[in-house]
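Here is a short briefing on a single chain. Look over the fold and the surface before reading on.

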Amino acid sequence: MGRFLVVALAGVLAAAMAFVVLARRRQPEPTWEPGLEFNPDFDLTAEEILADIRGEAPTA
């Protein structure tokens with residue numbers, strides 16, 4: 001029973017240390033925007049939305 005407790009405690013400690021190391025390596029997402037549809041400040045009008053549903057490109 002004592003050996004199991006030591007192994008379990010070592011496993012929990014190793015997992016916690018791995019979590020801390022991985023959390024410190026995490027980088028923020030790049031600011032690249034592939035298009036206006038991913039820009040939260042971009043707001044379509046109702047006419048533009050309907051034209052998009054019909055498949056009409058406004059800048060053809």
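Which residue forms a salt bridge with R54? The partner is E56, and the closest N and O atoms are 3.3 Å apart. The model is predicted. Its chain has two helices and zero strands.

**Overall surface**
- The chain has 60 residues, and buried residues make up 5% of them.
- About 6200 Å² of the chain is exposed.
- Carbon and sulfur atoms supply 65% of that exposed area.

**Salt bridge**
- The structure holds one salt bridge, and E56 and R54 form a salt bridge.
- R54 counts as exposed because its relative accessibility is 53% and the cut-off for exposed is over 50%.
- E56 has a relative accessible area of 42%, so this residue is partly exposed.
- Side chains of opposite charge can pair when their charged atoms come close.

**Nonpolar patch**
- A nonpolar patch of about 460 Å² lies on the surface.
- Its makers are F42, L44, I49, L50 and I53.
- I53 sits in helix α2, which covers residues 46–54.
- I53 has a relative accessible area of 64%, so this residue is exposed.
- Patch residues need over 30% relative accessible area, and I53, at 64%, is therefore above that cut-off.

Terms used. Residues numbered from 1 in each chain as written. Predicted model: local features only at pLDDT ≥ 70, side-chain atom pairs only at ≥ 80, totals over all residues. Heavy atoms only, no water. Patch = residues over 30% accessible without salt bridge, like charges linked within 9 Å, V, L, I, M, F, W, Y side chains within 5 Å. Areas by Shrake-Rupley, 256 points an atom, 1.4 Å probe, with all protein chains shown as cover. Salt bridge = Lys/Arg side-chain N within 4 Å of Asp/Glu carboxyl O. Helix = DSSP H or I, 4+ residues; strand = E, 2+ residues; numbered from the N terminus. Buried < 20%, exposed > 50% of the residue type's maximum accessible area, 1.4 Å probe, protein only.
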